[in-house]
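Please open the model in your viewer and keep the sequence panel beside it, so that each selection can be followed from one stop to the next.

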Amino acid sequence: MSIDVPVLRYSTEEPDPRYSVLGGTQIDTNGRFIVRGVHGVGTINGTHFVTNAVDLAKALRLYEEEPEILGGSIRGALTIYVEDLRSKTFFILTDPLGSSIVYSYVKSGEVYCSSSLRNLLGILKNNGIEPRKSLAYAAVLAVTEFGGLIDSPYVDITALEPFHFLEFSKSGVDTKVYPLCDEIFGKIQGYGANIAVMRQQVSADILANLKAASRYQASSHICHVSGDLDERTLLAGLERSGYRQKYTLHTNAALTSEGTLNSRSLAGSLKMKLSRYPGHEIAVKPGNSAEDMRWRFHETFGVLCGPASVGLRRADSVVLAGGFGALLREPIPVSNTVNEKELFDESKLLELCLGEYDGKPGVLRELLGPDLLERCIHKLRDIVKSAKKFCIPNESLPEFLWLYTKGRYIDGESSRSMSEYSHRFDPLYTPWVIPATGNYSREDRRNNFLQLDIIRDLSEELTSLPFNKSVRVDEFFSAHPQIKQRNFQHAQSKLDLHHFSLSALLIQPEQVAILEEHETESRRLGLPARRIAETDEKRQRVLEMILEIESNVIGECFVRDEVVKRFKTRPRWVPQYRLIERIHGGLEWFLE
């Protein structure tokens with residue numbers, strides 16, 4: 001929880017340069033370290049599940065390893081703050097993949113650092129500093145659906161790169177690389193090399209994560225499922241770990257969806273319960289979709305419109321989610337017409353970020369201003385340089401890009417922000433997936449060979465049970481004819497529709513006129529008529545907001561004429577609705 005998250009300040013302005021710890025807590029472990037704060041949820045040393053400073057202090061009671069070894073052992077979106085009594089220094093240790101993002105503000109001989117934007121902004125304000133919101137971040141988030149090409153939602157606040165940690169001493173603030181990197185990146189040896197060894201490392205991390213989370217004392221243990229490969233990987237791990245029966249499965253998908261039906265069949269085979277209870281409480285429900293989006297942006301201070309919302313209430317539940325499972329597949333789709341030997345430079349990576357829209361690649365770049373596009377290119381150039389520093393082969397740059405952007409700013413931020421309301425954790429988090437994925441060809445990754453191999457390593461039985469029709473498994477089973485596919489043998493598990501949450505206070509919904517034309521569009525697109533009516537209002541509001549923002553500011557981030565052209569008429573297909581909602585939400589947050 002962010003209440004335990006300090007802000008580190010280092011000043012060279014004073015006669016005696018020093019660092020100070022602002023906020024947080026202080027717990028003596030009677031050993032090498034003093035615990036000063038925790039942000040997020042994760043495991044350390046492969047054994048301890050950490051959700052707060054007390055958990056961390058217990059885990060470090062007999063710990064004598066170096067701080068960089070401790071930080072390298074973190075799994076999940078977790079940042080820990082410790083004083084090292086041996087070296088008289090202070091460390092901000094975040095998970096190796098950097099999914100619990102650490103932010104820094106540097107100005108006039110002072111450095112402020114914290115993983116909590118809320119606390120960082122509060123301390124800066126107390127010191128007379130109020131960073132401006134970044135329209136550039138909001139624009140890129142709206143168009144690409146993720147952050148990372150711009151570091152943070154606030155001007156002059158930067159993000160620590162993955163695989164790094166911070167050390168504070170009297171002599172200054174040092175940014176250092178985890179020694180774990182030498183071991184991980186040294187194992188990338190090309191297709192087919194060390195496949196079994198790398199898979200074993202990935203499976204070992206997943207099992208250690210699941211065992212640590214399952215041993216943690218909580219009122220309930222929930223596993224989120226959706227009928228996809230991440231669900232199957234989690235269940236295979238729970239089956240292997242022996243903790244399967246401790247969990248209730250949760251799905252929020254439609255009752256008749258393929259994913260729900262598959263999850264019910266799988267739960268029946270494993271004799272597990274399936275419920276609508278997500279593991280957190282809902283205290284207040286917003287009155288409309290615009291308010292809902294505003295609450296979600298507010299919760300992350302503009303980083304993400306994710307699952308966390310100011311309307312939630314905390315529950316004592318361990319919640320397993322499937323974050324970082326995408327790295328076991330092909331996280332950023334690459335056209336099968338792209339030659340594997342073809343170089344991925346910053347321009348090609350930008351095309352991957354923008355994806356396809358209206359059936360055409362690169363269309364969305366027409367919305368972004370040339371200055372902002374150049375900033376994105378510059379950031380991608382830095383990511384390419386970082387990849388080269390770690391000896392990442394060019395062919396694996398799309399996966400490295402996903403890690404720097406979607407992995408941190410969606411998967412990581414989703415779980416870390418939800419740690420305010422439950423003990424949410426991603427057991428599929430493992431840095432060993434980087435060399436593992438590099439040992440599979442792109443075609444094999446596209447056909448899910450790595451993830452299906454991991455599932456098979458964990459549970460042969462769950463590999464043989466039916467998958468969703470939308471999941472690509474045919475090529476894998478053709479390559480492994482010895483695996484005998486079976487049908488589900490047990491009745492589907494009943495879905496408990498009772499939600500155990502407290503009765504939520506519903507803010508009176510704002511009235512929106514639903515016309516016959518909205519009903520007609522609803523039937524054509526399969527969207528609620530209310531959503532179509534609300535989108536009409538949002539389109540109009542976007543056109544008003546881009547006039548409220550100074551022309552030079554809006555011009556740096558958006559091509560105003562393109563936005564006006566696209567927003568003057570009602571959208572014709574679902575992705576257009578989503579784009580309107582994202583741009584509306586981003587602009588509302590920026591102007592709030």
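Begin by selecting Glu534 in this predicted model, and look for the residues around it: leaving aside residues up to four places away in sequence, Glu534 touches Asn288, Ser289 and Val512. Glu534 itself lies in helix 19, which covers residues 529–548, and with a relative accessibility of 10% it counts as buried.

Stay on helix 19 and select Arg531 together with Glu581, whose side chains meet in a salt bridge with an N to O distance of 2.8 Å. This pair links distant parts of the chain, since Glu581 sits in helix 22 (residues 574–591) while Arg531 belongs to helix 19, 50 residues apart. Colouring by accessibility would set the two partners apart: Glu581 counts as buried at 12%, whereas Arg531 counts as partly exposed at 24%.

Next, select Glu330 and Arg442, which form a salt bridge whose closest N and O atoms are 3.1 Å apart. Here too distant parts of the chain are linked, with Glu330 in the loop between strand 20 and helix 10 (346–354) and Arg442 in helix 14 (residues 442–446), 112 residues apart. Glu330 is buried, and Arg442 is buried as well. If you add Glu395, Glu399, Glu443, Arg445 and Arg446 to the selection, you will have one network, joined with Glu330 and Arg442 through salt bridges that share partners.

A further salt bridge can be found by selecting Arg118 and Glu299, where the closest N and O atoms are 3.9 Å apart. Arg118 is in helix 3 (residues 117–126) and Glu299 is in helix 9 (residues 289–300), 181 residues apart. Arg118 is partly exposed, with a relative accessible area of 32%, while Glu299 is buried, at 8%.

Now switch to a cartoon view and find the open sheet of six strands, which are arranged in the order 23-20-14-15-16-24 with parallel pairing. Its edges are strand 23 (423–425) and strand 24 (495–496), each of which pairs on one side only. Within the sheet, select strand 14 (residues 220–224) and strand 20 (residues 317–320), which pair in the parallel sense over four bridges. Cys223 has Leu320 in strand 20 as its bridge partner, and Cys223 is buried, with a relative accessible area of 0%.

For the last stop, which cysteine sulfur is nearest to that of Cys305? Select Cys557, whose sulfur is 19 Å away, and note that Cys305 is in no disulfide; the structure as a whole holds zero disulfides. Cys305 is partly exposed, with a relative accessible area of 29%.

Notes. Residues are numbered from 1 along each chain as its sequence is written. This is a predicted model: local features need pLDDT of at least 70, side-chain atom pairs count only at pLDDT 80 or more; totals for chains, interfaces and linings use all residues. Side-chain values use heavy atoms; hydrogens and water are left out. Two strands pair if DSSP finds at least two bridges between them. Helices (H or I, at least four residues) and strands (E, at least two) are DSSP runs, numbered from the N terminus. A disulfide is a pair of cysteine sulfur atoms within 2.5 Å. Buried means under 20% relative accessible area, exposed over 50%, partly exposed in between (1.4 Å probe, protein chains only). Contact means heavy atoms within 4.5 Å. A salt bridge is a side-chain nitrogen of Lys or Arg within 4 Å of a carboxyl oxygen of Asp or Glu.
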